[in-house]
Amino acid sequence: MPKGNTPPTPETAPVEDYHFRRQGRSPALVLALAAWLAALAGLYFYAQASPWLIALLFLPVIPGLFDLVKNPGSGLDVTAEQIVWFTGGERTDLPLSRIARLRLDTRLDLSIRATLILTTGNKLRLPQPVVPPVAELTHALDQRGIAHERHHFSLF
């Protein structure tokens, strides 16, 4: 093989950009809203709960209905130079050189809270809708040499 045509080795091969996308409208949301509204209807018609109590218990449904109708998109991109995330109308980008590490906390409801620890010591929390599956995110960060740490069920 000619000297200038050597195939890239795994160390020199370019790393593919990581992209994660999520929509606000999902089957899980529709199922949860239907179950909650059915429970409210059952309380009203069968348990004869007062209308003010039903109205109070209806309030948690409003954000879900908003997501169902508007269907906001959210996502996270990790490129060779930066990490970019967006949710709703907000978009944020951050150069990878400013990130010291990523802290992943598993909360008691089993959701993941992702916090970027910057080289200045400041912390920047990723919005919940943009957090991808942990294995995918850590793999993308490992490919770019960004440290990460896991913490399970910390209360404080």
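Two strands are said to pair if DSSP finds at least two bridges between them. Strands of a sheet pair through backbone hydrogen bonds, either parallel or antiparallel. In this predicted model, strand 3 and strand 4 (residues 90-95) meet that requirement, being joined by six bridges. The two strands run antiparallel.

Strand 3 and strand 4 belong to an open sheet of four strands. The order in this sheet is 1-2-3-4, and the pairing is antiparallel. Strand 1 and strand 4 are the edge strands, each pairing on one side only. On average, neighbouring strands here are turned by 5 degrees against each other, direction ignored.

The sheet can be followed strand by strand. Strand 1 pairs with strand 2 in the antiparallel sense, over six bridges. Within this pair, Phe20 has Leu76 of strand 2 as its bridge partner. Next, strand 2 (residues 73-78) is joined to strand 3 (residues 82-87) by five bridges, again with an antiparallel run. Here Ser74 is matched with Thr87 of strand 3. A hairpin of three residues connects strand 2 to strand 3.

Thr87 also takes part on the other side of strand 3. There, Thr87 stands opposite Glu90 of strand 4. A hairpin links strand 3 and strand 4, with two residues between them. Gly88 lies in this turn and has a positive phi of about 60 degrees.

A further open sheet is made of four strands in the order 7-6-5-8. Its pairing is mixed. The edges are strand 7 (123-125) and strand 8 (147-152), and each of these pairs on one side only. From one strand to the next, the twist averages 25 degrees. Strand 5 (residues 99-106) and strand 6 (residues 112-118) pair over seven bridges in the antiparallel sense. In this pair, Thr106 is placed opposite Ile112 of strand 6. Helix 4 (residues 134-143) packs on the sheet. Helix 4 touches strand 5, strand 6 and strand 8. The direction of helix 4 makes about 165 degrees with that of strand 5.

Helices also pack on one another. Two packed helices are described by the angle between their axes and the distance between the axes. For helix 1 (residues 27-45) and helix 2 (residues 51-58), the angle is about 170 degrees and the axes are 10 Å apart. Angles over 145 degrees count as roughly antiparallel, so helix 1 is roughly antiparallel to helix 2. From helix 1, the contact is made by Trp36, Leu37, Leu40, Leu43 and Tyr44. Helix 2 contributes Pro51, Ile54, Leu57 and Phe58. By class, the contact residues comprise nine nonpolar, no polar and no charged.

The final feature is a pocket. The largest pocket holds about 210 Å³ of space. Its lining consists of 13 residues. Arg22, Gln23, Gly24, Asp67 and Pro129 are the lining residues that lie nearest the centre of the pocket. Strand 1 (18-23), helix 1 and strand 2 each supply at least two residues of this lining. The lining divides into four nonpolar, seven polar and two charged residues.

Note on methods:
Residues are numbered from 1 along each chain as its sequence is written. This is a predicted model: local features need pLDDT of at least 70, side-chain atom pairs count only at pLDDT 80 or more; totals for chains, interfaces and linings use all residues. Side-chain values use heavy atoms; hydrogens and water are left out. Axes are lines fitted to C-alpha atoms, for helices over the stretch in contact, and angles run from 0 to 180 degrees between N-to-C directions. Contact means heavy atoms within 4.5 Å. Angles under 35 degrees count as roughly parallel, over 145 as roughly antiparallel, 65 to 115 as roughly perpendicular and the rest as oblique. Ala, Val, Leu, Ile, Met, Phe, Trp, Tyr, Cys and Pro count as nonpolar, Asp, Glu, Lys and Arg as charged, and the others, Gly among them, as polar. On a 1 Å grid over the protein atoms alone, a cavity is a set of points where a 1.4 Å probe fits but cannot get out, and a pocket is an open set with protein on both sides within 12 Å along at least five of seven lines; lining residues have an atom within 4 Å of a point. Grid points are joined across faces, edges and corners, and a volume is the space filled by probe spheres set on the points.
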